[in-house]
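Please open the model in your viewer and keep the sequence panel beside it. The stops below are meant to be selected one after another.

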Amino acid sequence: MQKKILLTSFDTWLSEQQSNSSDDLLLELAKMADIYHDLTFLRRLPVDVPLASSRVIAKINELKPDYVICCGMAASRQNLSVEVVASSESIQTTDISFRDGGENFGIITLHTIVNVEQLIAETAAVEISYDCGKFVCEGLYYSVLDYLNQSQLPIPCIFVHVPILHQENLLDILADFVLIMNNLVIFESREQGTGNRE
């Protein structure tokens, strides 16, 4: 049975950028005829955390996908990297701080429910990352993970950072991305069947 996968990419944010590598990758993926999964592309999201997050969450509610793969560009990286965590700074007011007239600032970190080590085990050159970049990529990832958690939706979600694509690396990166996608379906389906979720 085909699984529904929602894939997202970002638009450019600098005037000199001709494209965003996350969107370039999804364009190449859309051209492939031998993808078994039911793919839905939400491309060229605005480089704005609230706007991008609201569009992705609306699409999740509309589509009810089995999996979500958010993608973003990481121009300084050489390989695909799968993000394990996303963090957000929060303001937490406790009784004590309220009486003192102060506020406590804390970092909330959310983890994907996906076993990322298992996910990339057979890939050629995919890295595990714990640094989502402190930009719109992390903001979107955090918002989606938080929404899925708060809504108690057991939809596995990962964020994949994509390096600049060129003729020499495109085929290898595309192959690794397809393998990540396939592994996500295979391993998560097995874990759902046994009841062992990370």
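The tour goes from the whole chain to single elements and residues.

**Before selecting anything**

This is a predicted model, in which local features need pLDDT of at least 70 and side-chain atom pairs count only at pLDDT 80 or more, while totals for chains, interfaces and linings use all residues. Residues are numbered from 1 along each chain as its sequence is written, and side-chain values use heavy atoms, with hydrogens and water left out.

**The whole chain**

Colour the protein by secondary structure, and six helices and eight strands appear; helices (H or I, at least four residues) and strands (E, at least two) are DSSP runs, numbered from the N terminus. Followed along the sequence, these elements give the pattern β-α-β-α-β-β-β-α-β-α-β-α-β-α. Switch to a surface representation, and the accessible area is about 10500 Å², with 50% of it belonging to carbon and sulfur atoms; such areas come from the Shrake-Rupley method with a 1.4 Å probe, and for residues only the protein chains shown count as cover. Of the 198 residues, 47% count as buried, where buried means under 20% relative accessible area, exposed over 50%, and partly exposed in between (1.4 Å probe, protein chains only). Among contacts with a separation of 6 or more, 77% are between residues 24 or more positions apart, a contact being heavy atoms within 4.5 Å.

**Strand 1 and its partner**

Select strand 1 (4–10) together with strand 2 (38–45). The two strands pair in the parallel sense over six bridges, and pairing requires that DSSP finds at least two bridges between them. I5 is the residue to label here, as a point standing opposite L39 in strand 2. Six of the seven residues of strand 1 are buried.

Next, pick T8, which lies in strand 1: is this residue buried or exposed? T8 is buried, with a relative accessible area of 0%. Beyond its neighbours within four places in sequence, T8 is in contact with L26, L42, L45, V56, I69, C70, C71 and L140.

**Helix 2**

Move to helix 2 (residues 49–63), whose 15 residues reach 21 Å from the first C-alpha to the last, close to the 21 Å expected at 1.5 Å a residue; the expected span is 1.5 Å times one less than the number of residues. Show A52, S53, V56, I57, K59, I60 and L63, which are buried in this helix. Seen down the axis, these buried residues fall within an arc of 160°, so they line one face of the helix, the arc being that of the directions from the helix axis to the C-beta atoms. Their packing partners are strand 1, strand 2, strand 3 (67–73) and helix 5 (136–150), whereas P50 and E62 are exposed on the other side.

Zoom in on the start of helix 2, where a side-chain oxygen of D48 reaches to within 2.9 Å of the backbone nitrogen of L51. Just after the helix, K64 takes a positive phi of about 55°.

**Helix 5**

Helix 5 also has 15 residues and spans 21 Å between its first and last C-alpha, close to the 21 Å expected. Its buried residues include V136, C137, L140, Y141 and L148. Select Q152 just after this helix to find a positive phi of about 55°.

**Last stop: a loop residue**

Finish at A121, in the loop between helix 4 (116–119) and strand 7 (126–129). A121 counts as exposed at 59% relative accessibility. Its C-alpha is separated by 9.8 Å from that of L179, 58 residues apart along the chain.

Notes. Polar contact = N/O pair within 3.5 Å; in protein donor to acceptor, adjacent residues only side chain to side chain.
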